[in-house]
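This report goes through one protein model, from single residues to the contact between its parts. Please keep the sequence and the structure in view while reading.

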Amino acid sequence: MAKLGKRTRAAREAFEGKENVTIEEAVSLIKTNSNAKFDETVEIAMNLGVDPRHADQMVRGVVGLPNGTGKTVRVAVFARGPKADEAKEAGADIVGAEDLMETIQGGTIEFDRCIATPDMMPVVGRLGKILGPRNLMPNPKVGTVTMDVKEAVEAAKGGQVQFKAEKAGVVHAGVGKVSFDEAKLAENIRAFVNAVSAAKPAGAKGTYMKKISLSSSMGPGVTVDVTNATGN
């Protein structure tokens, strides 16, 4: 077994015995024990009582975090003509059509969010096997297939976060940075939890939210009391 470094060991010791705490307690614990040489992301992982292999149990959606993510989001837009110009003016990092498709097919993906106008979907559809597994495929359900590319680009740049349940029914995302004020982190976390709660699918049976954990990029995780997180 690999020997743990002093920082890692100290962090784990600080987290020992801390389970099902409030969001505020978890945030304080994470901030106090963050000692990486960079501004770590605060990450949330939610274990849900769903099986996303069934269409009526898929959980997906989007939420605008009130205090942003603290991350610079690179946005690519598939559009032509005036809509391409609109995307550029809104701050899109990459704008294109077939040329962008070819770039992606060549293995270059230099963006975190992909937006497309509806008329571009026949082109974008050819990239399903590449963008789909990376959760980058534009989708009208989360507002990334739209004629209002200005609003979509600004939302992506302004702290909007997409979420989607993975095979095991786990949803995870970054909800801010360790450098954020504790109250702002707590507000972001509750906004995310509420969005996932509101996205409960019709086919979900039994307990929907089974477990919620918070951690920093390099730190151990701590479980959060589900009742405290949801306000129920």
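Two residues are in contact when heavy atoms of theirs lie within 4.5 Å. The model described here is predicted.

## A residue in a strand

Met209 is part of strand 8, which covers residues 209-216. Leaving aside neighbours within four places in sequence, Met209 is in contact with Met46, Asn47, Leu48, Val193, Val196, Ser197, Val226 and Thr230. Is Met209 buried or exposed? The cut-off for a buried residue is a relative accessible area under 20%. Met209 has 10% relative accessibility, so Met209 counts as buried. Arg126 can serve as a distant point of reference: from C-alpha to C-alpha, Met209 and Arg126 are 35 Å apart in space, and in sequence they are 83 residues apart.

## Residues in loops

The loop between helix 6 (128-131) and helix 7 (149-157) holds Asn135. Thr146 is found in the loop between helix 6 and helix 7 as well.

What is notable about the phi of Asn135? Most residues other than glycine have a negative phi. In Asn135 the phi is near 55°, a positive value, and the residue is not glycine. The relative accessibility of Asn135 is 29%, so this residue counts as partly exposed.

Thr146 is buried because its relative accessible area is 18%. The side chain of Thr146 reaches the backbone nitrogen of Asp148 at 2.9 Å. Not counting residues up to four places away in sequence, Thr146 touches Ile115, Ala116, Thr117, Pro118 and Ala152.

Asp51 has its place in another part of the chain, the loop between strand 1 (41-48) and strand 2. With residues up to four places away in sequence not counted, Asp51 touches Gln57 and Lys167. Asp51 is buried, since its relative accessible area is 18%.

## Salt bridges

Side chains of opposite charge can pair when their charged atoms come close. How many salt bridges does a search of the whole structure find? The search finds seven. The table gives three pairs, including the one made by Asp51.

| Salt bridge | N to O distance |
|---|---|
| Asp51 and Arg53 | 2.9 Å |
| Arg80 and Glu98 | 2.4 Å |
| Lys157 and Asp93 | 2.6 Å |

In the pair of Asp51 and Arg53, the two residues fall into opposite classes: Asp51 counts as buried at 18% relative accessibility, whereas Arg53 is exposed, with a relative accessible area of 70%.

Arg80 forms a salt bridge with Glu98. Arg80 sits in the loop between strand 3 (75-78) and helix 3 (81-90), and Glu98 in helix 4 (residues 98-105), so the pair ties together parts that are 18 residues apart in sequence. Arg80 counts as partly exposed at 40% relative accessibility, and Glu98 counts as partly exposed at 31%.

The side chains of Lys157 and Asp93 also meet in a salt bridge. This pair links distant parts of the chain, with Lys157 in helix 7 and Asp93 in the loop between helix 3 and strand 4 (94-96), 64 residues apart. Lys157 is partly exposed at 32% relative accessibility, and Asp93 is partly exposed at 44%.

## Two domains

The domain assignment of the chain gives domain 1 (19-69 + 160-229) and domain 2 (75-158). Taken over C-alpha atoms, the centres of domain 1 and domain 2 are separated by 26 Å.

Where do the domains touch? Eight residues of domain 1 are in contact with eight residues of domain 2. Between domain 1 and domain 2 an area of about 840 Å² is buried, and carbon and sulfur atoms give 37% of it. On the side of domain 1, Arg60, Gln160 and Gln162 lose the most area to domain 2, together 74% of what that side buries.

Which kinds of polar pairing cross this interface? The rule finds zero salt bridges between domain 1 and domain 2, but two residue pairs are in polar contact. Strand 2 (60-64) and strand 6 (160-164) each supply at least two residues of the side of domain 1 that touches domain 2. The largest share of that side, four residues, comes from strand 6. By class, the side of domain 1 that touches domain 2 has two nonpolar, four polar and two charged residues.

Definitions and conventions
Residues are numbered from 1 along each chain as its sequence is written. This is a predicted model: local features need pLDDT of at least 70, side-chain atom pairs count only at pLDDT 80 or more; totals for chains, interfaces and linings use all residues. Side-chain values use heavy atoms; hydrogens and water are left out. Domain bounds come from an automatic or database domain assignment. Buried area is the accessible area (1.4 Å probe) that two parts lose on being put together, summed over both. A salt bridge is a side-chain nitrogen of Lys or Arg within 4 Å of a carboxyl oxygen of Asp or Glu. A polar contact is a pair of N or O atoms within 3.5 Å; within protein, one must be able to donate a hydrogen and the other to accept it, and residues adjacent in sequence count only if both atoms are side-chain atoms. Ala, Val, Leu, Ile, Met, Phe, Trp, Tyr, Cys and Pro count as nonpolar, Asp, Glu, Lys and Arg as charged, and the others, Gly among them, as polar. Buried means under 20% relative accessible area, exposed over 50%, partly exposed in between (1.4 Å probe, protein chains only).
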